[in-house]
Structure formats: C-alpha cells, structure tokens
Amino acid sequence: MEIKISNISKLEWNGDALAIGFFTDKVQLSEALTELDHKLDNTISELIVETEFKGKLGCTTIARIGGNNSLGKIILVGLGKEEDLTVDSFRQAGGYIARVAKQAKIKTLAIAINHPDYDNDIVAQMISEGVILALHQDNRFKSDTEDQKISLETIDLLDLPASNKAIETAQKITSGVILARELVNAPANVINPVTMTETVENLAHEYGLELTILEQEDCEKLGMGSFLGVAKASDLPPKFIHLIYKPENTPKRKLAIVGKGLTFDSGGLNIKVSGSGIETMKMDMGGAAATFGAAKAIAQLKPDVEIHFISAVTENMISGKAMHPGDILTASNGKTIEVNNTDAEGRLTLADALVYADKLGVDAIVDLATLTGACIVALGNDIAGLWTTDDDLATQLKTSAQTAGEKFWQMPMENKYFDQMKSSIADMKNTGSRAGGSITAALFLQQFVKDTPWAHLDIAGPVWAEKSTAIDNEGGTGFAVRTLVNWALND
Ligand code: BES
Ligand code: MG
Ligand code: ZN
C-alpha cells in the first residue's frame with residue numbers, strides 16, 4: 001500500500017473512492033464540494049440527507065456513484081466539533097476512513113482533508129499514521145488469512161500540499177508502534193527472554209545501534225538480586241538488554257527509557273487465581289515492547305539525542321527454585337526488600353534496571369510498566385498513570401502524549417503511603433495495602449533512583465484493547481511508542 005501526496009483536485013481525481021470530512025453540525029458543502037456534488041449527480045448532498053449525516057467524530061457513510069462517473073464511491077467522515085479539533089482528530093479520521101475503505105474493498109482511495117489552522121505536513125503525517133495503524137492486523141498466528149486481505153493499493157492525499165517526508169515520518173513511527181503491538185500479541189511461548197533478545201539483536205543490526213546484553217552472571221556481578229530473585233523459577237535465562245541510539249552530531253540530551261519486560265507473569269508462588277487474567281499475562285512486557293518499538297522509530301528518525309533503551313527481561317514462574325513469599329532480596333543499590341508478594345514482581349525487576357539507568361549519567365529517565373491492576377481500577381483501560389516529582393519532565397511528557405493521541409493522567413507521589421511498605425526485617429517490603437496500590441508501586445520504584453529526573457508510567461490498561469477503536473485493533477496497541485518518540489524529538 002502506497003500513500004502519497006497528490007496535486008490532482010478532487011474534481012478531477014479518478015479512482016475507487018474519495019473521502020471527505022465534515023465538522024459536527026457544519027455539514028455544508030463548500031464551493032468546490034458543491035461543484036463536485038453537481039458533477040456527481042447530487043450524490044453527496046443526497047447522502048447527507050438520507051443518512052442524516054451530522055459529522056460526528058467517527059461517523060462514516062459511503063455511497064456508490066451512479067452514471068458513468070470515473071469516481072466509484074464517496075465516503076463521508078465526521079471530524080467532530082471544529083472547536084474540539086486536535087492533531088489527533090486527523091489521525092482518527094485516517095483510521096475511520098481506512099476501515100470503511102477496507103470493508104468496501106476499495107483499491108484506490110483519495111482523502112481530501114485539511115484545515116487552515118494546521119500545518120499540512122502534520123495533517124499528512126497524522127492521516128497516514130491513522131490509516132497505517134487501523135489497517136495493521138496481526139495475522140502471524142492464523143493459518144488461513146484469505147478473508148483478511150487488504151484491498152487498498154494506493155491512497156492519494158488531496159488538497160494537502162505537504163512534503164512526502166511527512167508520510168515517511170508516519171511510516172517510521174508506525175513501524176515502531178507495530179513492532180510493539182507484535183511483541184505484546186506474541187504469546188509467552190513465542191516471545192520469551194531469549195527470543196525478545198533476538199528481536200532486539202535484529203533491531204540493533206538493522207539500524208546500527210549499540211547493544212549490550214547482560215547475562216545472568218553479569219547481573220550477579222552487578223548485584224542485581226532483586227531482578228534475579230524474580231527470574232529464579234524460570235527455565236529460561238534472564239536477559240538484561242541495553243540498546244543505545246547515538247546521533248551523528250553531539251547529543252543535545254541524553255535520555256533513558258526503561259521498560260518492564262515480564263514475558264509472562266504467573267504471579268509466582270502468590271499465583272494468579274482464576275479470574276485474575278493470568279491468561280492475558282503475555283502482555284506483561286508491554287513496557288519493554290514500547291521501549292523497543294520507540295527505539296525502532298527513533299533509529300529511523302535520527303534526532304540529535306542519545307537514548308538508552310533498557311529492559312530486565314524474564315518471566316515470573318513457579319518451581320522448586322522459585323523465590324518464596326517472605327524472601328529478602330538485595331538490589332544493586334544495596335537496598336534490601338522483603339518480598340511479601342511475589343506477584344509484585346515488575347517493581348523488583350525495574351528496581352535493578354533503574355539503578356543501572358541512573359548510573360548512565362542521563363538527563364532524564366522514564367520507565368514504563370504494566371505495573372498494577374490498581375492503576376486500571378483508578379484510571380480505567382484507556383488512561384495511563386504518570387508519576388514524577390519533576391515538573392519539567394511532567395510537562396514534556398504531557399505535551400508529547402497530547403500530539404501522540406495517548407492519554408496520561410498525573411498521579412500523586414504521596415510519600416506518607418510509603419509507610420505501608422516499611423518492613424521490620426528489611427529496608428522495605430515490595431507491596432503496601434490494596435488501597436492506592438499504583439501509588440505505592442511508584443513510591444517503591446523511587447527508592448532506586450537517586451537524583452536523575454525520573455518519571456514512571458503505569459500502562460497496564462492501555463497496552464491492550466478489548467475492542468478496536470479508530471486506529472487500534474483488538475489486542476496489543478503499541479501504547480506509549482508515539483509519546484516516547486515525541487519526547488525524544490522535542491527539544
Ligand atoms: N502484571 C501485573 C499487573 C497487571 C494487572 C497488568 C492486570 C495488567 C493487567 C503485576 O505484576 C501484578 O501482578 N501486580 C499486582 C500487585 C499487587 C500484588 C500488589 C496487582 O496489580 O494485583
Ligand atoms: Mg505480578
Ligand atoms: Zn507483572
């Protein structure tokens with residue numbers, strides 16, 4: 001499928017379908033559209049009346065054009081209220097149009113959407129991202145995909161004098177989002193610590209990135225007792241992945257992104273009971289998936305920033321070698337942890353990964369993790385939690401998330417709650433009470449970062465979609481890749 005900028009006017013364009021956008025309650029035909037409507041024997045105006053099309057965000061309608069017109073069909077898409085328009089509206093519109101076009105088996109499509117308040121390059125990038133992401137389907141594990149074939153061959157962006165670079169940017173970013181989706185969708189018998197490492201090795205090779213893999217012995221030497229405690233019961237070796245992107249020019253900033261990489265979370269000896277979603281716990285590497293997805297995009301976009309992509313990868317299993325509830329682990333910063341719940345394993349792996357990242361001398365660290373069910377209780381499935389004590393970093397991430405069309409909500413670092421994790425025998429326990437569970441998780445992580453500005457993102461909800469939306473399909477969403485890329489790109 002090829003997306004390209006075209007300077008053909010919508011009056012002259014020939015092909016299977018032309019998509020045009022309208023704002024809610026402003027479904028009027030411009031001069032150019034009136035002319036087109038006449039040419040098309042009033043198909044547009046009649047379609048609007050017949051389907052009571054009001055331009056609501058996500059509403060689409062399609063009609064065949066009769067006569068001997070060289071345009072096959074017209075697609076109307078609602079863009080929502082004009083005053084609510086954001087860059088993400090264009091991304092969503094792209095997604096909705098792609099879905100209708102796919103269903104109607106359209107091969108050649110044109111999209112004519114723009115807005116005077118928005119830069120054409122941005123609009124072209126957003127529409128392209130939406131189209132690509134909506135059409136991505138993960139068919140790797142199906143033997144028969146005949147009925148899933150995508151008909152679309154070309155998409156022309158009309159009325160949008162933008163540069164083709166905008167479309168290339170969309171392709172680079174979405175390739176990262178798609179990698180993250182595929183990592184999350186792959187079950188634990190496909191993506192495990194070893195194959196995850198192989199995936200990153202391929203990535204490093206393809207884009208010329210530096211890569212260090214710390215094996216178990218290396219982690220032992222660094223005193224990563226917290227990470228290795230979690231890894232004990234697995235039959236597969238733990239892998240500590242450190243991928244580095246270095247720009248050609250002197251880096252303006254140095255950043256570290258740390259992702260939770262549990263390729264499966266059984267809960268350990270505090271095993272997840274039936275009904276707890278144990279069968280979905282292949283997604284517990286969603287943080288690592290976003291980290292390496294962002295790496296893939298950033299390696300192609302080449303910003304003047306040095307970025308370290310880190311994940312302590314293992315699975316949380318049960319066996320005679322498993323860590324026991326009550327075990328005391330020593331993390332690589334010397335702090336001791338009484339494991340009062342083996343199912344709070346993500347923070348144990350992140351503890352050593354954060355200590356490692358903190359020693360790199362970067363300007364900021366962001367960690368991402370499918371860390372707590374409590375975060376889903378607090379914010380629902382679509383919104384991730386954000387914790388930081390650094391206001392600048394909070395602003396950077398919120399701005400990045402907004403254009404990414406990804407939702408984050410800043411949560412409190414309520415120091416008092418750390419009292420719940422005080423241990424009589426060790427420096428701390430790994431869990432507090434059920435109430436405020438996502439906050440105590442963040443406070444636990446804070447123990448492993450010294451002075452580097454740091455933010456923690458709990459993405460347990462949005463990494464996975466139960467139903468398809470404008471641009472996401474059921475399954476892994478690749479959540480946070482676009483936010484991370486924007487963060488890396490913004491000065
Ligand atoms: N991986 C889970 C968190 C999770 C839950 C992610 C649901 C996605 C969906 C994490 O390791 C976990 O088990 N957390 C526990 C912490 C508790 C024991 C303090 C939880 O949330 O129940
Ligand atoms: Mg767990
Ligand atoms: Zn987990």
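A polar contact here is a pair of N or O atoms within 3.5 Å of each other, and with that cut-off in mind you can begin the tour of this predicted model at ligand 1.

**Stop one: ligand 1**

Select Lys 260 together with ligand 1, and you will find that a polar side-chain atom of Lys 260 lies 3.2 Å from an oxygen atom of the ligand, a distance that falls within the 3.5 Å limit. Next add Asp 265, where a polar side-chain atom lies 2.9 Å from an oxygen atom of ligand 1. Then show the backbone of Thr 370, because the contact here involves a backbone N or O atom, which lies 3.4 Å from a nitrogen atom of ligand 1 and so is within the 3.5 Å cut-off. If you imagine ligand 1 taken alone, it exposes 510 Å², and the protein buries 79% of that area.

Now widen the selection to the whole shell, which holds 16 residues around ligand 1, with Asp 265, Lys 272, Asp 343, Glu 345 and Gly 373 coming nearest. Colouring this shell by residue type will give you 4 nonpolar, 5 polar and 7 charged residues.

**Stop two: the sheet of six strands**

Move on to the open sheet formed by 6 strands, which you can follow in the order S1-S6-S5-S2-S4-S3 and in which the pairing is mixed. Strand S1 (2-5) and strand S3 (60-64) stand at the edges, and because each has a single partner strand, one side of each is left without a neighbour in the sheet. As you step from one strand to the next, the twist averages 20°.

Inside this sheet, select residues 108-112 for strand S5 and residues 154-158 for strand S6, which pair in the parallel sense over 5 bridges; one residue to label is Ile 111, whose bridge partner in S6 is Leu 157. Then select residues 43-50, which make up helix H2, and see how this helix lies across strand S2 (15-22), S3 and strand S4 (71-78), running at about 45° to S4.

**Stop three: the sheet of three strands**

Finish at an open sheet of 3 strands, ordered S12-S13-S17 and again with mixed pairing. Its edge strands are S12 (328-330) and S17 (428-429), each of which pairs on one side only. Strand S13 (residues 336-338) and S17 pair in the parallel sense over 2 bridges, and here you can label Glu 338, whose bridge partner in S17 is Lys 429.

Conventions
Residues numbered from 1 in each chain as written. Chains lettered and ligands numbered in written order. Predicted model: local features only at pLDDT ≥ 70, side-chain atom pairs only at ≥ 80, totals over all residues. Heavy atoms only, no water. Near = heavy atom within 4 Å. Polar contact = N/O pair within 3.5 Å; in protein donor to acceptor, adjacent residues only side chain to side chain. Areas by Shrake-Rupley, 256 points an atom, 1.4 Å probe, with all protein chains shown as cover. Nonpolar A, V, L, I, M, F, W, Y, C, P; charged D, E, K, R; others polar. Pairing = 2+ DSSP bridges. Helix = DSSP H or I, 4+ residues; strand = E, 2+ residues; numbered from the N terminus. Axes fitted to C-alpha atoms, helices over the stretch in contact; angles between N-to-C directions. Contact = heavy atoms within 4.5 Å.
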